[in-house]
Amino acid sequence: SKAIIAAYPQLCESEGRGMIGFYPEAIEKMQELYRELCNMFPYSEYIHIGADESDIMDWNKCEKSVQHGRELGIKKEEILPYFWPDWHTVERYFAHFINKMAETIVEMGRKPVVWEGFTKEVNEYITKDVTVMVFENFYQTPTSLIKNGFDIINCSWRPTYVVVPKYHWDKDECYKWDV
C-alpha cells in the first residue's frame, strides 16, 4: 500500500497512516492496479489480492468510507460484540472490498486468492470465486471456510511460516507435520 499511497495520497485513510480508502475513487484505483498486475503477468493463473494485515477499523473513522458503506446498504448499527465496537460494520466493508478486487481479477480471466483475514460472520458476503490461503486460524478454521463454500490452500503457520526470525521449527518437526 505504501507505494500506491505515495503516488496517490488522496486515496489514503486516516491522515496518511497507510490504509487505502473504502470509497469509489480508491476502490477504482485499486481495480486499475489489479488490471495492470494481470497484464504484467499474462501467464499467471492466480492473482493474489493480499487482504490481510490491514487496519480496516480506520475505515470507520473516515466519513467518505462510512458514507460509501451507507450507499451500499451497510449500516453502522450492524454491531457485534467482537474484537472492537463496529467490527462487523467494517468487516462488511472489507467483504465488499475483497469482492470488488476479486471481480476485477475474474474479469481479467484469472483466479483471485486472498489470505485468511475475515471472520465467519461475513462469509456469506464474500464471493466463492476467491481461494483462501489459511495461515493461522485466527479469524476462522479451514473447516469453517470449506463448509462455507471456499476453496482453500493450507499455509499453516506452524511449521511452515518461516519469515519471522523468532519462530523456528527444526527439520524433524517439519517432516513430521501432517496436513
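Biologist: How many bridges join β1 to β2?

Modeller: This is a predicted model, and its four strands form an open sheet in the order β1-β2-β3-β4. Within that sheet, β1 and β2 run parallel. One point of reference is isoleucine 47, which stands opposite proline 112 in β2. The number of bridges that join β1 to β2 is four.

Biologist: Which residue in β3 does valine 114 stand opposite?

Modeller: β2 covers residues 111-115, and β2 pairs with β3 in the parallel sense over three bridges. Strand β3 itself comprises residues 131-134. The residue in β3 that stands opposite valine 114 is valine 132.

Biologist: Which residue in β4 stands opposite valine 132?

Modeller: Strand β3 is joined to β4 by four bridges, and the two run parallel. Valine 132, which stands opposite valine 114, also has a partner in β4. That partner is isoleucine 152.

Biologist: Which are the edge strands of the sheet?

Modeller: The order of the open sheet is β1-β2-β3-β4, with parallel pairing. An edge strand here pairs on one side only. Neighbouring strands of this sheet are turned by 30° against each other on average, direction ignored. The edge strands are β1 (46-50) and β4 (151-154).

Biologist: What pattern does the protein chain follow when read along the sequence?

Modeller: The protein chain has seven helices and four strands. Helices and strands are interspersed along the sequence as α-α-β-α-α-β-β-α-β-α-α.

Biologist: What percentage of the residues in the protein chain is buried?

Modeller: The protein chain exposes about 10500 Å², and carbon and sulfur atoms supply 53% of this area. Among contacts with a separation of 6 or more, 52% are accounted for by residues 24 or more positions apart. A residue counts as buried under 20% relative accessible area. Of the 179 residues in the protein chain, the buried ones make up 41%.

Biologist: Is isoleucine 56 buried or exposed?

Modeller: Isoleucine 56 is placed in the loop between β1 and α3 (63-71). Leaving aside neighbours within four places in sequence, isoleucine 56 is in contact with Met19, Trp87, Val90, Glu91 and Phe94. Because its relative accessible area is 3%, isoleucine 56 is buried.

Biologist: What distance separates the C-alpha atoms of isoleucine 56 and methionine 19?

Modeller: Met19 is one of the residues in contact with isoleucine 56. Along the chain, isoleucine 56 and methionine 19 are 37 residues apart. Their C-alpha atoms are separated by 7.6 Å.

Biologist: Is glutamate 124 buried or exposed?

Modeller: Glutamate 124 is found in the loop between β2 and β3. Glutamate 124 and alanine 95 are 29 residues apart in sequence and 9.2 Å apart in space, C-alpha to C-alpha. With a relative accessible area of 63%, glutamate 124 is therefore exposed.

Biologist: How far apart in space are glutamate 107 and arginine 35, C-alpha to C-alpha?

Modeller: Glutamate 107 lies in helix α4, and this residue is exposed, with a relative accessible area of 57%. In sequence, glutamate 107 and arginine 35 are 72 residues apart. C-alpha to C-alpha, their separation in space is 9.0 Å.

Biologist: Which element gives the largest share of the lining of the largest pocket?

Modeller: The largest pocket has a volume of about 470 Å³. Its lining has 22 residues, of which Ser1, Ile20, Met30, Ala51 and Ser54 lie nearest the centre. The elements that give two or more residues to this lining are α2 (24-40), β1 and α4 (87-107). The largest share, four residues, comes from α2.

Methods: Residues numbered from 1 in each chain as written. Predicted model: local features only at pLDDT ≥ 70, side-chain atom pairs only at ≥ 80, totals over all residues. Heavy atoms only, no water. Buried < 20%, exposed > 50% of the residue type's maximum accessible area, 1.4 Å probe, protein only. Contact = heavy atoms within 4.5 Å. Areas by Shrake-Rupley, 256 points an atom, 1.4 Å probe, with all protein chains shown as cover. Pairing = 2+ DSSP bridges. Axes fitted to C-alpha atoms, helices over the stretch in contact; angles between N-to-C directions. 1 Å grid on protein atoms, 1.4 Å probe; cavity = no way out; pocket = protein on both sides within 12 Å on 5 of 7 lines; lining within 4 Å. Points joined across faces, edges and corners; volume = space filled by probe spheres on them.
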